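Reader: I am in my first year and still learning to read models of this kind. Could you take me slowly through one part, the sheet with the helices that lie on it, and then go on to the surroundings of the ligand?

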Amino acid sequence: MNPLLLPLLLLCLVAAGLTAALLRGRKAHAATRSRARQEHALQAQQARHAEQLAQRNAQLEATLGSMVEGVVVMDPEGRIREINPAAADLLDLDLTHDAGQAFAQRVRNAALQRLLDTALGLLSDPDAEDDLSAEIQLRPADATPNTERHLRVEAAAVTDERGLRQGAVLVLHDVTHLRRLESVRQDFVANVSHELRTPISAVKAAVEALRSTPPPDADQRQRFTGIIARQADRLEAILNDLLTLTQLDAAATPAPLDPADVGLTVAAAIESCTANAQARNIELAVDLQEDLQASVAPARLEQALVNLIDNALKYSPEGTRVTLKARQTLDDKALAKQAEHAVQITVRDQGRGIEAHHLPRLFERFYRTDRARSRQLGGTGLGLSIVKHMIEQAGGHVSVQSTLGQGSAFTLHLPAPQPPVP
Ligand code: ADP
């Protein structure tokens, strides 16, 4: 064997070993780089996911925050997990402090709790499973009919992909306004029926008396026909007022108006009431600023004034005075800025006045301070509600001040016409 062959062989072996090691080193390096790339890609993906999640959370929060309906999300034990501002408001809960609290501890309402327990699957009654919506009433501790809340509540179980219950969600709709409107309508129908029944009963009794045997004498006949005539007038007055209210209700947005000339309208209203005032020996006095205009239909302003003057005459003793005063309440500069309620018309009497506790309800339909007296004077109990309705439809409002034994002052606050655009 060539003596050189062995070292050469050894050299080759060493070289091959070195190359293999080098190749292994390279491979390992490439693997590390690829792992780093993968980790980097994974991190980027996680960051994207986190960002998407944050975005979705923000969207969800914004959606829940802007919802009119209240939403409460509960965990399987019935603890509050999420609550939106509407639900916090409806249930009188604190957005931050009540999260994590047991719902049953914070809202004490049996019907609501039953719904929640049903949605959480805590009830043994299988029929209850279908019963996931209800209307409930919430009464705060200091409840009055006006603070009571009516809520329509839908409950739903929250389940995971395996169908296991993970909690429940309650959706709350505030139907208080709807229920109040219904109750106002029911009261109104009951009031109308009652108001109509009284004159109808009087007419029927008078007719019976006229047809009785032996027939009534001339004096009695005169009295009974007088009753029938008066009650027919009363029925007509009630029906006219009801018709006016219905027309006002129907005209939700009044047509654009020609402004009323306050002087002319007041004169027309005074003319309608003069005979009545003379009959009661009451002076009608007028104190008007010149060239006043109000942004209200003249016919409506006239009827509102007639109703107020008519009341002032009805509820004042003979020999007193009723004054109509009209003023512009803001200067031209304020008017140019389209400020509202720029004309005030006040009807002031020297009558018996109204007790303070009646004032907040005075403009309600059929509200009277003295029912018998109002009826005796031919009142329908609707006059002031018509005034309020008319003036509010024109963008104004009505106020009243009264001192018992000294008199009352009813004021119409009306917008002035807008100045023409230059
Ligand atoms: P009515 O037809 O009974 O007069 P209104 O709606 O016009 O109905 O008035 C409601 C109630 O307000 C009246 O029944 C009366 O008790 C009271 N009222 C209205 N105007 C006056 C007034 N000028 N002075 C005293 N009480 C008044």
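Author: In this model, which is predicted, a good place to begin is helix H8, which lies across strand S9 (321–328), S10 and S12 and runs at about 25° to S10. Helix H11 also packs on the sheet, where H11 touches S11 and S12, and the direction of H11 makes about 140° with that of S11. The sheet itself is open and is formed by five strands, which follow one another in the order S7-S9-S10-S12-S11 with mixed pairing. At its edges are strand S7 (283–288) and strand S11 (397–403), each of which pairs on one side only. Neighbouring strands of this sheet are turned by 15° against each other on average, if direction is ignored.

Within the sheet, strand S10 (residues 343–348) and strand S12 (residues 407–414) pair in the antiparallel sense, and six bridges join them. One pair of positions to look for is Arg348, which stands opposite Ala409 in S12.

The two helices also lead to the ligand, since helix H8 (298–314) and helix H11 (383–393) each supply at least two residues of the shell around the ligand. The largest share of that shell comes from H11, which provides three residues. Of the 20 residues around the ligand, those that come nearest are Arg368, Ser374, Gly379, Gly383 and Leu384. By character, the residues of the shell divide into ten polar, seven nonpolar and three charged.

Key
Residues numbered from 1 in each chain as written. Predicted model: local features only at pLDDT ≥ 70, side-chain atom pairs only at ≥ 80, totals over all residues. Near = placed C-beta within 6 Å. Helix = DSSP H or I, 4+ residues; strand = E, 2+ residues; numbered from the N terminus. Nonpolar A, V, L, I, M, F, W, Y, C, P; charged D, E, K, R; others polar. Pairing = 2+ DSSP bridges. Axes fitted to C-alpha atoms, helices over the stretch in contact; angles between N-to-C directions. Contact = placed C-beta atoms within 7 Å.
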